[in-house]
Structures are given as structure tokens and as C-alpha cells.
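Reader: I've got the model open and I'd like to go through some of the labels people put on it. Can you show me what they rest on?

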Amino acid sequence: MVQAPIKTTPAKKRDVQVATISTNTQVLRSRTWDRLKFEVEYSRQKGTTSNSYLIEADKIALIDPPGQSFTQIYLETLEQHLDLQKLDYIILQHVNPNRLATVKVLAAKAPQAQIICSKPAVNALEAALTFPQQRSRIQVVRDKDTLDLGQGHQLQFISAITPRWVDGLCTYDPQSKILYTDKFFGAHFCDEPIFDDNWKQLDLDRRFYFDCLHASQTKQLETALAKFTAFDSKIYAPAHGSLIKYSLSRFSYDYRSWCQEQKAQEFKVVLLYASAYGNTATLASAIAHGLIQSGVAIESINCELASTEEITTAVQACDGFIIGSPTLGGHAPTQIQTALGIVLANVAKTKLAGVFGSYGWSGEAIAMLENKLKDAHYSFGFEPIRVRFSPTATTLKECLQAGINFTQKLKKTKKLRTPRQAVTETQIDRTEQAVGRIVGSLCVLTTCHDNHHNGVLTSWVSQATFNPPGVMIALAPEQNANLISNPGDKFVLNILNEGGNIRRNFSHQSRNSFDERPRAADRRKRGVQAFEETSKDSPLGTREFDNVTTKTATNGCLIIEEALAHLECTVQSNVPSGDRNLIYAVVEQGEVSENSGITAMQHRKSGSHY
Ligand SMILES: Cc1cc2nc3c(=O)[nH]c(=O)nc-3n(C[C@H](O)[C@H](O)[C@H](O)COP(=O)(O)O)c2cc1C
């Protein structure tokens, strides 16, 4: 990750640089030598250019007018080169409120011009353009649609939707072989050369731009890159920075390898958000930047665009998740509520969570997200972030830091969860290591004899038969194997929930090991005090069910209410095998108590112990 050095820039006046770049084609680069905005992407402080393109064939098209910081100087310059009454098309490869400020003025000055955009851009455009006949002026284009300007300039549109630019379009002109790439292949810096003559000096700026804008959306980026290969492009014409002519294949290669780098990161965080007016999205970008900077791969998901399957697949594979929402009408948007449901149903409670959002006055959505995740026992990688309306430079800095904190906590948690290697590999019996890779569901097996309840932890359990449903359990004598050694003996298998604390109450070796104690009948015979009484004083008699909420199953054994599920079982057979008894039992009945939970697994370093 490229850091952003602070650079003092000479105060030069903003201007619009105009140059012919191909047949009938000009670029108008609105330039600022100062940092344009406080968003992180501009923090290298090398200024930027906002590139707009003019194609004058039989028909005249203007691509991507700049944002409102340049409205006046841009339109003045444009009018020196073009009679706006002759403009046929204004092509908007993406729409944002900033750009709409310029489009509004331009569209009024060129009332005959059609406005070309993708379908998702239409609502924003309609809301912004308040002059008559506005709707009929908007022409929606889709992937592969064409627009013939004459003289060989048959423009082809390419849908390039990403979480950040949900209305993204790119445009290819076969006459000039220019691919207008909008936000792809850009960089924020300002200088004289139109093209990338000095591309070797641009590496850091390009990488920084990629990290800020694209590293969190590599999946969609790769889709766009694959589409671009269909064109015989000689020039990439991006929205910012120099046009790419000399380093076209190198830059494409860089994008692909930077995407690969992201995928190879050890940790993956899913960033879920929705944003009606862009504020929550800006917070998401800053948090993403902090995460990327600290070495985590991000998958940004704009919940308004994503399917439930996409969200499910992403969150199932994540090491942590962060969810952000605006508050609209006292609620989180439906898409966020759906995403939250998917998270609760699919993400283990041990995964790290984060919450953020922009709000106006009450901020219910952020509180709702925080409470639901807290109730589900997720721990947070940073304190929930609440920002009123638009973020400031300070709040964005806090978001960036939150991303860094999240990564640090993620790495620390992982370290704690990774089993320590007590001895070197060569010392450990390789066979034991291999056997240790077998994992089992962590369960508490409860029994009841003479009104005394007992529980032992075991992970040596597996389903053994379909019909009747049956399980196989391997138990050692110290695990009270003798209590369920005879056909007809009953027990309950409580299947534990990942992230729960119940396992701490129980041990793999029964604290009240009955093989060391005579059965109650024998004890009575020998006049031994009831176990319940002696256990109070005995170190072996610690009561594992203290602080555990239980209820009694129909077979008399205890069901642990915090368990994910329980099975009431009856022993069918018992085969003494090695140092264990292999007990086969039929499941009489069972129930899942937490549909959204995940089965706790016992992971081991060696097959020589539990
Ligand atoms: C139609 C509408 C309803 C809103 N309702 C609420 C609300 O109930 N509570 C609140 O705190 N803010 C409310 N807001 C303010 C938004 O949460 C605020 O503008 C926020 O910055 C929007 O975030 P976004 O840009 O990510 O969409 C509302 C805004 C709009 C336009």
C-alpha cells in the first residue's frame, strides 16, 4: 500500500487544457494543482484533472463534463471551441451530485442535446434536471448498445457497474480506437503532458488511486477488465490524470496483478453498505482505505445492487464484516435489513464486526445494527461510527483509523485462536499430526443416573446411520462410558454453538467420573453418602451445570438451552475398541434451538489428544 506523503504545492490557477488527441477528438482537461477535496484519494496532494472529451463527427458528442469546482471555467472554454447549439449528445459515464451541477447548466445552454446514460443514473438525472422536456432528453443505453456519430465514430457502450459507481459506463470509439474508461486507469495528479510520456514516474500515483478506488471492488474491476480485452484499444482515456498511450499494456497488467494481490491477502473483510445520497458510501471508502492500508483484502458490497446469494457467499468466506447504513424515515433501508439477516444467519459469532452510518437527526439505523449485532454476541473491531450528514476531513480520518484498528484486532484475534506449536514439527509424530486433522462437532453429552446429572465434553461424534437416525460416539472410561454402555441407556447430545462459552463449564474428562465412584445403588449398599452431598466439598465435584440454563428432556437427561441443537438418544450397542468404547445410539428426537448458529468444531494440532 502506497502511503500518501504530504506535499506543498505551488498555488497555480485552475484552468482547462484543450488538446486534439485523435481524428475529430479533443480532450478538455479541467486542472487543479491543489488538493481538490479532503477525501483520502486526493491526499497525495498532487492536484488532479477532470477529463472531458469532445468528438465532432457528423454528430457531436461530449463525454463527462467535470464537477462543479470547474463548471464556470469549463463551460467558458468549451464555448470557445464549440457552438453549444450544435451539441447532439452529452454522454455521462457516471452521475454524481457534483457533476450534475455542471450538467444542469450545460443542458440548459444546449437544450437540443440528448443526454446519454445508463439506467441506474436516470433517477438522479431526473431529480436534478428541472427544465421542461427533461425526461424525453434522457436516452438510456445498455451494455453493447451503439451510437453512430458518423465518419466511423460508431460508439459502443460497455456497462461497468461497481459498488462505488452503480451506473458506470465506458465507451469505445472504433474510429480513434480510444476506450473512454471513466474511473478506470486514472490517477490524481496534474501536469502538462496530455499523454503518459512520463509513465515510469506515475507508478505510485496510479497505485494509490487504485488502492483508494478499486482495491475494495476487485471482482467488478476484473469483470470490466475482461470486457475491455474485446476492443482493439490504442488509447485509454480516463476521467483523471494523463491519457494512456505508452503504458497501456503495462497498466492493464498492473491492474490485474494488483487485483491478484488483494485476493492473496490472508484476511478478508466484507464491507456491506447502502447509501441514498453518497454520505455513507464516502464513509465506507475511508474505512476500506484504512483496511487496505493495513493489509486486509476487502470486498465492498453495495447492498442495493447485490443479490442475497452474492452477499451470502461473501460473508460466509469472510474473517470480519462491517455494515453501514443511512437512516431514512427512522429505519435502515430494506436492503440493509436483508443483509443483516444474511449476516446473522451465516457469519460465526467469533467473527469481528463493525458498524457505521450517516444520519440526519435520530440515526435509528446505526443503533439498530449495533444492537442486533451485540445481541448476537459479535464483538466489534471499532466503536460504531455515527456521522451527521456529510463527513468532514476529521470524520474521514476517524473512519480510516477505524479500518486500521479493525485490522489490528482481526490479526490479534486470529493469533489467539491459532493453536500454539509447542514442539517443533520434527518432534511430533507425523501420523499423530495427520490424525489430528480430523475434526468433530463439539458436544456436551449429558446423562442422568439416580437423579444425578452429569455432562462431559466430546467431539468424537459422527452420524452413523440414516435410518433410523443414529450416531456413533467414542468414549473413554473417564468420560463415564460406563453410564451409556448398555443397550437402552439414555443420553442427550447437546451440539454446541460456535463462539459460545458453554464449553468452559465442561471437560473432556468427567469431573464426576463414575468409574472412580460406585454407582448410587452400590454406594447406598456400602453406606456411602449421596454423591450430591460429597461433591460440594470435593474438587471433583465442581458443579458443571452451575450458571448453565437447562431443561429436562423426555429421557430425563439435561438439555443445555444455549446449545445449537440437541439429540435425545438411546444406546443400541457398545463395542470396546482400543482405549475407547464405540457406542452406537439411535436418535429418538431432536431439535435445533438456534437456526442461525454454526456448529462449534474441535480443531486439534495432534491426534494424540483432544
Ligand atoms: C427522505 C429522507 C428521510 C430521512 N429520515 C431520517 C431519519 O428518520 N432519521 C435521521 O436521523 N436522518 C434521516 N434522514 C437524513 C439522512 O440519514 C442523511 O441525509 C444521511 O446523510 C443520508 O445518508 P446517505 O447519503 O448515505 O444516503 C433522512 C433523509 C431523507 C432524504
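Reader: Let's start with His-566: which strand is it found in?

Author: His-566 sits in strand 27, which covers residues 565-577. Keep in mind that this is a predicted model.

Reader: Why is His-566 called buried?

Author: A residue counts as buried if 20 or more other C-beta atoms lie within 10 Å of its own. His-566 has 25 C-beta neighbours inside 10 Å, so it counts as buried.

Reader: And what does His-566 touch, leaving out residues up to four places away in sequence?

Author: Val-492, Leu-493, Asn-494, Ile-495, Ile-559, Gly-590 and Glu-591. Take Gly-590: it is 24 residues from His-566 in sequence, yet their C-alpha atoms are 5.5 Å apart in space.

Reader: On to the sheet with strands 1 to 7. In what order do the strands run?

Author: The order is 1-2-3-4-5-6-7, in an open sheet with mixed pairing.

Reader: What makes strand 1 and strand 7 edge strands?

Author: Strand 1 (15-22) and strand 7 (138-140) each have a single partner strand, so one side of each is left without a neighbour in the sheet. From one strand to the next, the twist averages 25°.

Reader: How do you know that strand 2 and strand 3 pair?

Author: Pairing takes at least two bridges between the strands. Strand 2 (residues 25-32) and strand 3 (residues 48-56) have eight, in the antiparallel sense, so they count as a pair. One of the residues involved is Val-27, whose bridge partner in strand 3 is Tyr-53.

Reader: Which helix packs on that sheet?

Author: Helix 1 (residues 71-81) does, touching strand 1 and strand 2, and its direction makes about 45° with that of strand 1.

Reader: How do helix 1 and helix 2 cross?

Author: Their axes come within 10 Å and cross at roughly 35°, and the crossing is right-handed. Thr-71, Tyr-74 and Leu-75 in helix 1 meet Ala-101, Thr-102, Val-105 and Leu-106 in helix 2. By class, that contact has five nonpolar residues, two polar and no charged.

Reader: Last stop, the ligand. How many residues surround it?

Author: 18, and the closest are Tyr-277, Asn-279, Thr-280, Pro-326 and Gly-360. Helix 8 (279-293) and strand 16 (352-359) each supply at least two residues of that shell.

Reader: And how do the residues of the shell divide into nonpolar, polar and charged?

Author: Seven are nonpolar, 11 polar and no charged. Gly counts as polar here, so Gly-360 goes with the polar ones.

Conventions
Residues numbered from 1 in each chain as written. Predicted model: local features only at pLDDT ≥ 70, side-chain atom pairs only at ≥ 80, totals over all residues. Helix = DSSP H or I, 4+ residues; strand = E, 2+ residues; numbered from the N terminus. Axes fitted to C-alpha atoms, helices over the stretch in contact; angles between N-to-C directions. Contact = placed C-beta atoms within 7 Å. Near = placed C-beta within 6 Å. Buried ≥ 20, exposed ≤ 12 C-beta atoms within 10 Å, placed from the backbone. Left-handed = near helix turned anticlockwise from the far one by under 90°.
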